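Colleague: Could you pick one part of this model and take me through it slowly? I'd also like to see how that part connects with its surroundings.

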Amino acid sequence: MSLSVHLQHDLPDIKLDLSFDAPLGVTVLFGRSGSGKTTVVNAVAGLLRPKAGRVAVDGWELFDTNQNLWLPPHRRRLGYIFQEGRLFPHLTVRQNLSYGRWFAPKHARRENPDKVIEMLGIGHLLDRRPAGLSGGEKQRVAIGRALLASPRLILADEPLAALDDARKAEILPYFERLRDEVSVPILYVTHSAAEVARLATSVVALQDGKVVRHGPASDVMADPSVAPAGVRAVGAVLKVRVQEHHADGLTELEAGGARLFLPRIPHQVGEDLRIRIPAQEVILSSKRPDGLSALNVLEGTVETIRAGDGPGAIVSVQTPAGPVLARVTRRSVTALGLEPGKRCYAVIKTVALAPQDVGGRLSPA
Amino acid sequence: MGWLGPAEIEALKLSLRVSFWATLVTLPFGIFMAYALARWRFPGRQLLNGLVHLPLILPPVVTGYLLLLTFGIQGPMGKLLGELGIIVAFRWTGAALAAGIMAFPLMVRAIRLSIEAVDPKLEQAGATLGASRPFVFATVTLPMILPGVIAGSILAFAKAMGEFGATITFVSNIPGQTQTLPSAVYAFLQVPGGEGAATRLVVISIIIAMGALLLSEYVGRRAAARVSGS
């Protein structure tokens, strides 16, 4: 386990009390605002002193209240990517990038600046100042600055929350590359299910300062009882392979022998991907549907039905492509006679599969 | 400067020297005090704030008299400095001390405002990138408050140039030693036929004050533009 976190802290509204161990890769802290996510990251960074706890990276302790050990932030070897970028306005992009590098121990300077600049595509910005950059460019520079500090742990606190959808789509691939190419654990805070589906190696779902679920993205996100960001965030994560790009603007995916179509994505034929299917975009049918405009129909058997207090229920259907979740009304459950073991068809509207729900595949998930 | 008499030139040069040193020596203390008041929470902070501002609201003659009591030859600080071979009473250094103390609140106010305008989140970002507190101050805070520091210094310099009450009470009005520009104006007005010299010094005072104000505006704008990155 490369990152180990134990924390207790009293916030005005909630009591934070949590522990988790995270493997290498991206650990996503997932929860609605006010669940204590940012407090966790700030305690790990040393910007906030918790009442009690211990945090260690690869066995190296950042603090341990039992031993009265507390490293100040500047000795924790971090790369913190903030929501608002927090670039230094009086320095050029080049100087911002080298800032963390000045303070990193010489023997620890792993990252090659030229490579990082190329990876982030910010070579043409080096002599500009942050005020002259777009939101997406600022965030790319912020990623580079954190990376060039040669950190032992990368922290990211909702780094995309301040960006519009187009900019989000521009930045997400860089986080995927960080995850896949940099051998440093990443603690990533978000309340976006789409970001979880794309990035998470493991997910720690927080609610009111407690860990309610911890595990691979496909497990945690498929559990409607967690639903940290509300029932709308519930969705299945499927592993797929790009099969063919069709001339009519669709891309055909293959998943366990089943075919899925979605609006064209930029990925290569043969590439392995993860794709998130929001439960509220899935319709269930007890008979093979006929005369429907939806292209994606997966046959399967009902596995579980979870109903809450409201009118809705989340039905998990085992299909050849993997488990698919559908959000339907309890009335429909009765009308269709749905029960575990029953055959049914999951219908997914093609355009409901948005490109931001598609990400590179991860080995452990 | 043929139109100025030797006594007037002497007063002008002395005032420039006094104000220069008063500003330069006060500056590090001013930055430190402004930072402490803006960023640290400690018991007695309001009291300290009041003390710093005291010279601004006390009658200058009172400040001068208090200086005389503490830094005079018989005063506790005066004795201490005297043993180190530094005598400020009735010397130009004493005039600089009085001018520095009187200008201190103006300097602290200007710098404190600019420190409060720096987002502490940027300083946190510096810390997470490996910079210790002093380095964060030197590489993030100080460059960003530079406009305020410059404006505060120019303001303090101008105030020091005009300081009269505390100076004359503390170090008297000795030509060539403690007779600064305002003291000289006062002295010339006391003797018959001195109005010409007084008027010339008044004109110089106005030019210096206006010049300082314009310069501080200009430098402040330039530095602000540089810092904000536009």
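Modeller: Let's look closely at the open sheet in chain A, and then follow one of its edges outward. Chains are lettered from A and ligands numbered from 1 in the order they are written, while residues count from 1 along each chain's sequence. The model is predicted, so local features need pLDDT of at least 70 and side-chain atom pairs count only at pLDDT 80 or more, whereas totals for chains, interfaces and linings use all residues.

The sheet is open and has 6 strands, in the order 7-8-9-3-10-11, with mixed pairing. Strands here are DSSP runs of E, at least two residues long, and helices are runs of H or I, at least four long, numbered from the N terminus. Two strands pair if DSSP finds at least two bridges between them. In general, such pairing goes through backbone hydrogen bonds, either parallel or antiparallel.

Let's start at the borders. Strand 7 and strand 11 (210-215) of chain A are the edge strands, each pairing on one side only. From one strand to the next, the twist averages 15 degrees. Further in, strand 8 (residues 153-157) of chain A runs parallel to strand 9 (residues 186-190) of chain A, and 4 bridges join them. To find one of these on your screen, go to A:Leu155, whose bridge partner in strand 9 is A:Leu187.

Now look at what covers this end of the sheet. Helix 4 (residues 135-148) of chain A lies across strands 7 and 8, at about 170 degrees to strand 7. Such angles run from 0 to 180 degrees between N-to-C directions, with axes fitted as lines to C-alpha atoms, for helices over the stretch in contact.

Strand 7 also leads us to the other chain. In all, 21 residues of chain A are in contact with 18 residues of chain B, contact being C-beta atoms, placed from the backbone, within 7 Å. Strand 7 (78-81) and helix 2 (93-103) of chain A each supply at least two residues of the side that touches chain B. Helix 2 gives the most, with 3 residues. That side of chain A divides into 14 nonpolar, 4 polar and 3 charged residues. Here Ala, Val, Leu, Ile, Met, Phe, Trp, Tyr, Cys and Pro count as nonpolar, Asp, Glu, Lys and Arg as charged, and the others, Gly among them, as polar.

And the partner? Chain B has 10 helices and 0 strands. Its C-alpha atoms fill a box of roughly 70 × 45 × 30 Å along the principal axes.

Terms used: Two residues are in contact if their C-beta atoms, placed from the backbone, lie within 7 Å.
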